[in-house]
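Let's take a walk through this structure together, one region at a time. Please keep the viewer open as you read.

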Amino acid sequence: MSLFRKKSLSSLLATAADSEKGLKRTLGATNLVALGIGAIIGAGLFVRTAAAAGQAAGPGVTISFIVAAVGCAFAGLCYAEFAAMIPIAGSAYAYSYVTMGELIAWIIGWALIMEYALGAATVSIAWSEYLNKLLGGQIPYEWSHSPFESYTDASGVLHQGILNAPALIILLLLTLLLIKGTQESAMVNAIIVFIKVAIVLIFIAVGWQFINPANHTPYLIPEGTPAFTDQAGKVIADYSGVFKHGWGGVLGGAAIVFFAFIGFDAVSTAAQEAKNPARDMPIGILGSLAVCTILYILFGHVLTGVAPWTDFVDPVKGREASVAYAISEYMHGYEWLSTAVTVAILAGFSSVILVMLMGQSRIFYTMSNDGLIPKAFGDLHPKFKTPYKANWILFVFVGLFAAFVPGHVAGDLTSFGTLFAFVLVSAGVWLMRRSDPATKRPFRTPWVPFVPIMGVLICSAMIFALDAQTLKVAMLWMVLGLVVYFLYGKKYSKLNATGHTPGEILPKKSDFEG
């Protein structure tokens, strides 16, 4: 049995057309754009911006956003072609199955767990941080941080985390909402998106007048900047690496803030629930990416102008809940905005978690239908037509990470999974143009092969800019995935029986026109 056997395009199109047995088609173009914005504007903007500035890029984080956005634009154009051509749940996993074969599809499906599941965990941890900020620090450190985190306060008292309880609570509530239905989830998401975009615009408009030009000088972290230590002398930020200062730091910052852009490809996981995927998927993917890129650059410029980037390294100052800190500390007279921003951020984080959980459950649904993971992941609720068992399994998995793993670790692993998916989707468009040039494409990526090649190169560069520890853990995760595939997925794949997906129909002439 070939490890690179492919699932035919005709079988995928037949599955997508069978609305009686599958997911409900309830989402329009507006829903999809809101879905993308809902996933994009969240922890990436409100947490990773400050993290990238403090750890690698300084005020040059705005350039980091541009670098990340360019990589996303190339990958986004490739996603748009696939999502319009193959309107099925599964995103990059489904596309890879058609273009590069089962083993590559499995690898990308396994990597997507890092993107969506760990993405949801990362944002739920950030949600916990901002809830505690809103409550004035009432939640004890021990019950809002992982056991791998510790903090020595100004009095010299060591606080050791136990588990992150608030993160678990928000994951449970959103899992219940997702099980109830996609349309209900989309409505809640749309309301939240309106609120948080409004607050982002207010922060940019008000904060602009508080920009201190001195905070933007120098614009990049200088070489030779000393490491930053906490109260106990523990090093929490080191700027000696090539990707930790100067223009290398800009690329390192791009790898960190890349987490902020994972939302637009989450739109593609909802392709099987779009009313008119051929028209609406490119609008949802590229529209949400364009809107958020502009907001990110403006937001990063204002945030690093209002507060010095060094404040975002210090746990006593703005390392956690950085936006609320910058407002309360430097934007005097607008303390009310700090509370409003915190509430909006909590709502915004909720929508990001919602979309991430939905995206991962749809990928599980598709992999289960292909036989690569157990059937339970593909079971639909008899009334709500949602993959409810996958949602519950996902809650347990994500909950363990959210409760017991530090946020920055999960966030960097999420960036790896996202970038890896972007590389393979970009390569897949080029490969399919060569292998199936006559296939009907409602949306065509321009300038092939230039756009796919640039998507591969830029996203690969950002992978290598991630820290060594993240890359080691990611490699171990991928090795574990290969073990699971050879012990289970390869054995139970539905391509085993005939080399084709059961129920596959012969291609119709219309499938290959255009």
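A good place to begin is a meeting of two helices: S91, A92, Y93, S96 and Y97 in α5 are in contact with E102, I104, A105, W106, I108, G109, L112 and Y116 in α6. Bear in mind that the model is a predicted one. The residues of this contact between α5 and α6 comprise nine nonpolar, three polar and one charged.

How are the two helices oriented? Helix α5, residues 91-99, packs against α6 at an angle of about 170°, and their axes are 8 Å apart. Because angles over 145 degrees count as roughly antiparallel, α5 is described as roughly antiparallel to α6. Just after α5 you will find G101, which has a positive phi, near 100°.

Now look at the surroundings of α5. S91, A92, Y93, A94, Y95, S96, Y97, V98 and T99 are buried in this helix. With nine of its nine residues buried, α5 is largely enclosed by the rest of the structure.

Helix α6 leads us on to the nonpolar core. In soluble globular proteins, nonpolar side chains tend to be buried together. Here the largest nonpolar core has 157 residues, and F46 and V323 are those with the most contacts inside it. Helix α6, spanning residues 102-134, gives the most to this core, with 21 residues. Which residues does F46 touch, leaving aside its neighbours within four places in sequence? F46 is in contact with I41, Y130, V200, F299, S322, V323, I345 and F349.

Next, turn to the aromatic rings. A pair of such rings is described by the distance of the centres and the angle of the planes. The count for this model comes to 22 aromatic pairs. One of them joins Y485 and F486 in an edge-to-face arrangement, at 5.2 Å centre to centre and with 75° between the planes. Is Y485 buried or exposed? At 0% relative accessibility, Y485 counts as buried, whereas F486, at 44%, counts as partly exposed.

Another pair to find is Y488 with Y492. Their ring centres are 4.6 Å apart and their planes are at 35°, so this pair counts as tilted. Both residues belong to helix α17, residues 468-492, where they lie four residues apart, about one turn of the helix. Y488 has 28% relative accessibility and counts as partly exposed; Y492, at 41%, also counts as partly exposed.

Y485 and F486 also belong to a wider group: together with W106, W110, F397, F401 and W477 they form one aromatic cluster. W106 is a residue you have met already, in the contact of α5 with α6.

Two further residues round off the walk. H245 sits in the loop between β4 (235-237) and α9 (246-257). With a relative accessibility of 14%, H245 counts as buried, because the cut-off is under 20%. Apart from neighbours within four places in sequence, H245 is in contact with A56, I221, P222, E223, Y239 and S240.

L168 lies in helix α7, residues 165-180. At 27% relative accessibility, L168 counts as partly exposed. Not counting residues up to four places away in sequence, L168 touches L163, F395, G399 and A403. How far apart in space are L168 and I104? From C-alpha to C-alpha they are 33 Å apart, with their positions 64 residues apart in sequence.

Methods
Residues are numbered from 1 along each chain as its sequence is written. This is a predicted model: local features need pLDDT of at least 70, side-chain atom pairs count only at pLDDT 80 or more; totals for chains, interfaces and linings use all residues. Side-chain values use heavy atoms; hydrogens and water are left out. A nonpolar core is a set of buried Ala, Val, Leu, Ile, Met, Phe, Trp, Tyr and Cys residues joined through side-chain atoms within 4.5 Å. Buried means under 20% relative accessible area, exposed over 50%, partly exposed in between (1.4 Å probe, protein chains only). Contact means heavy atoms within 4.5 Å. Axes are lines fitted to C-alpha atoms, for helices over the stretch in contact, and angles run from 0 to 180 degrees between N-to-C directions. Angles under 35 degrees count as roughly parallel, over 145 as roughly antiparallel, 65 to 115 as roughly perpendicular and the rest as oblique. Ala, Val, Leu, Ile, Met, Phe, Trp, Tyr, Cys and Pro count as nonpolar, Asp, Glu, Lys and Arg as charged, and the others, Gly among them, as polar. Rings of Phe, Tyr and Trp (its six-membered ring) pair if their centres lie within 6.5 Å; planes under 30 degrees apart count as stacked, over 60 as edge-to-face and the rest as tilted.
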